[in-house]
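Reader: Please give me a close look at one part of this model, the metal centre. Bring in its surroundings where they help.

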Amino acid sequence: MERPNAWKKLNEEQLAELETVNAGYIDFLSECKTERRAAAKCIQLAQEAGYKPLSELVAAGTKLKAGDKVWADIYGKSVILLQLGTKPLEQGLNILGAHIDSPRLDVKQNPVYEANELAFLDTHYYGGIKSYQWVTTPLALHGVIAKKDGSVVDVNVGEDAGDPVFCVTDLLPHLGGEQMAKKGNNVVEGEALDLLVGSRPLVIKKDEDASADSSSANATNADKPEDEKTYAEKIEDMATKEAVKAQLLSVLSRKYDIEEEDFLSAELEIVPAGPARELGFDRSMVLGYGQDDRVCAYTSLLAQLAVNDPERTAVCILVDKEEIGSVGATGMTSAFFENTIAEVMELAGESGALPLRRCLANSNMLSSDVSAAFDPAYASVFEAKNSAFAGHGLVFNKFTGARGKSGSNDANAEYVAKVRACMDDAGVCFQTAELGRVNAGGGGTIAYIPAKYGMNVIDSGVAVLSMHAPWEVTSKVDVYEAYRGYIAFLGIA
Ligand code: MN
Ligand code: MN
């Protein structure tokens, strides 16, 4: 069974639309490098498209009817968009799901240290990374620092041309003999992934006249009890032993009005710096950070926003924490999804536990996540007949998992047939695949979680080269076919 190259099937009009979709996608990747930024952008676009916040509708007791558009979020990290269909909710939803978190380095809660007059932020990586890929590349810092007074400082450094960037250092080859003989997963130890953030010492200018005087600043500091010192005075004290750390804390204090202790309640994510780009002389591909899974998130979002007056209620759910097992309040296993549907059903006049259960059981879902694109440089881990190829359209995975499909949602044949027919009817170019050769490895997605309600779920998505690397590669035509496939799916009966 040969699946055709998708580029060959597109007419001029479609090729123009392909470029528009991809230009928007490249901007989205560049702007939304964390789950918080992706969720905020999603909410902004939804609001512009007439979606109303569920929290306000619930507070006002506003009744919902066909055609109404609603959004809900949890902690600004996961988002659900719904457009009510003409059919009762109890008959089921058509759901597009994807995740908006990506592998990265997270800053630890007590991160700042100085070593040999260099200042670092200590990190703990998030998700599956190859540590060696994260050294000597420009890195940016995104996130929030929540202070005890309730205020939240937004941090975004390393993206603008005028911004400084950060990096993780590596050993020179001249001294790397022992390092290079190590196994790949030990070449760079996880604990060694610390971010270089400063090197300049804080220099306390001594006032010549005051230096002999007991009322000088330094003398006052020394005399003061520790708990009466201001933060600036403590930094001055620190400068006598750790002047580079003192300088760093002084800069952070001035820039963000934060103290070192405020890192205790911060979420700071370290990601590759700089925008996503077109790739190739023919500009046929996209190189960007976090395409797993923002390529499916963005195209699902676009499809959701493009649909008008569906028969079955159209839902787009973009979730956090997939890369670490879909756990926590903002992951797919959270009650957020079920609670949101329950609130919407209440406002739509379909309240009660049983209608909710029926609604969920009668739903169809495309659980979208990236697939490994066949890479000729590493052909031995793939089985070509059942691999995804860049440029061959939207990928469907009947199952995922590892070691005998373990951990997989295995979609029903009847449902696969229905989805296949839907794609063919809409002229969407698609392919089927599994993740690598039998026993070569494997992976999971969010699919098995909503499937627990008894709904039909199939894994789908876009093929990616260098998945989980700081810069991942997709084909523009696959981004476009995903968008078209998602629109078609929202109309499925
Ligand atoms: Mn993924
Ligand atoms: Mn992943």
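**The metal centre and its surroundings**

Author: Start with the cysteines, to clear them away. The closest cysteine sulfur to that of Cys359 belongs to Cys316, 16 Å off, which is too far for a bond. Cys359 is buried, at 0% relative accessibility (buried is under 20% relative accessible area, exposed over 50%, partly exposed in between, with a 1.4 Å probe and protein chains only). Cys422 tells a similar story. The nearest cysteine sulfur to Cys422 is in Cys429, at 14 Å, again too far for a bond. Cys422 is also buried, with 12% relative accessibility. Searching the whole structure gives zero disulfides (cysteine sulfur pairs within 2.5 Å).

A word on the basis. This model is predicted: local features need pLDDT of at least 70, side-chain atom pairs pLDDT 80 or more, while totals for chains, interfaces and linings use all residues. Residues count from 1 along each chain as written, chains are lettered from A and ligands numbered from 1 in written order, and side-chain values use heavy atoms, without hydrogens or water.

Now the metals. Ligand 1 is a manganese ion, held by NE2 of His99, an OD atom of Asp292 and two OD entries from Asp369. Those distances run from 2.1 to 2.5 Å. Donors here are N, O and S atoms within 2.8 Å of the metal (3.2 Å for Na, K and Ca); sites may look incomplete, as water is not among the atoms. Along the chain, the donors of ligand 1 are spaced H-x192-D-x76-D. His99 sits in strand β4 (residues 93-99) and Asp292 in helix α10 (residues 291-306), so this pair joins parts of the chain 193 residues apart in sequence. Helices (H or I, at least four residues) and strands (E, at least two) are DSSP runs numbered from the N terminus. His99 is buried, at 1% relative accessibility. Asp292 is buried too, with a relative accessible area of 3%.

Ligand 2 is a manganese ion as well. Its coordination comes from an OD atom of Asp292, two OE entries from Glu323 and NE2 of His468, at 2.1 to 2.6 Å. The donor residues of ligand 2 follow D-x30-E-x144-H in sequence. Asp292 and Glu323 link distant parts of the chain. Asp292 belongs to helix α10, while Glu323 lies in the loop between β13 (313-319) and α11 (336-347), 31 residues apart. Glu323 is buried, at 14% relative accessibility.

How far apart are the two manganese ions, and which residue coordinates both? The separation is 3.1 Å, and Asp292 is the shared residue.

Look next at what α10 touches. From helix α2 (residues 35-48), Glu35, Ala38, Cys42, Leu45 and Ala46 meet Arg294, Leu301 and Leu305 of α10. Contact means heavy atoms within 4.5 Å.

Last, a lysine in another helix. Lys245 lies in α9 (residues 243-256). At 10% relative accessibility, Lys245 is buried. Neighbours within four places in sequence aside, Lys245 is in contact with Val112, Glu114, Met238 and Glu260. Two of those partners are glutamates, Glu114 and Glu260.

Back to the centre, then. Asp292 is a buried residue, and Asp292 coordinates both manganese ions.

Conventions:
Axes fitted to C-alpha atoms, helices over the stretch in contact; angles between N-to-C directions.
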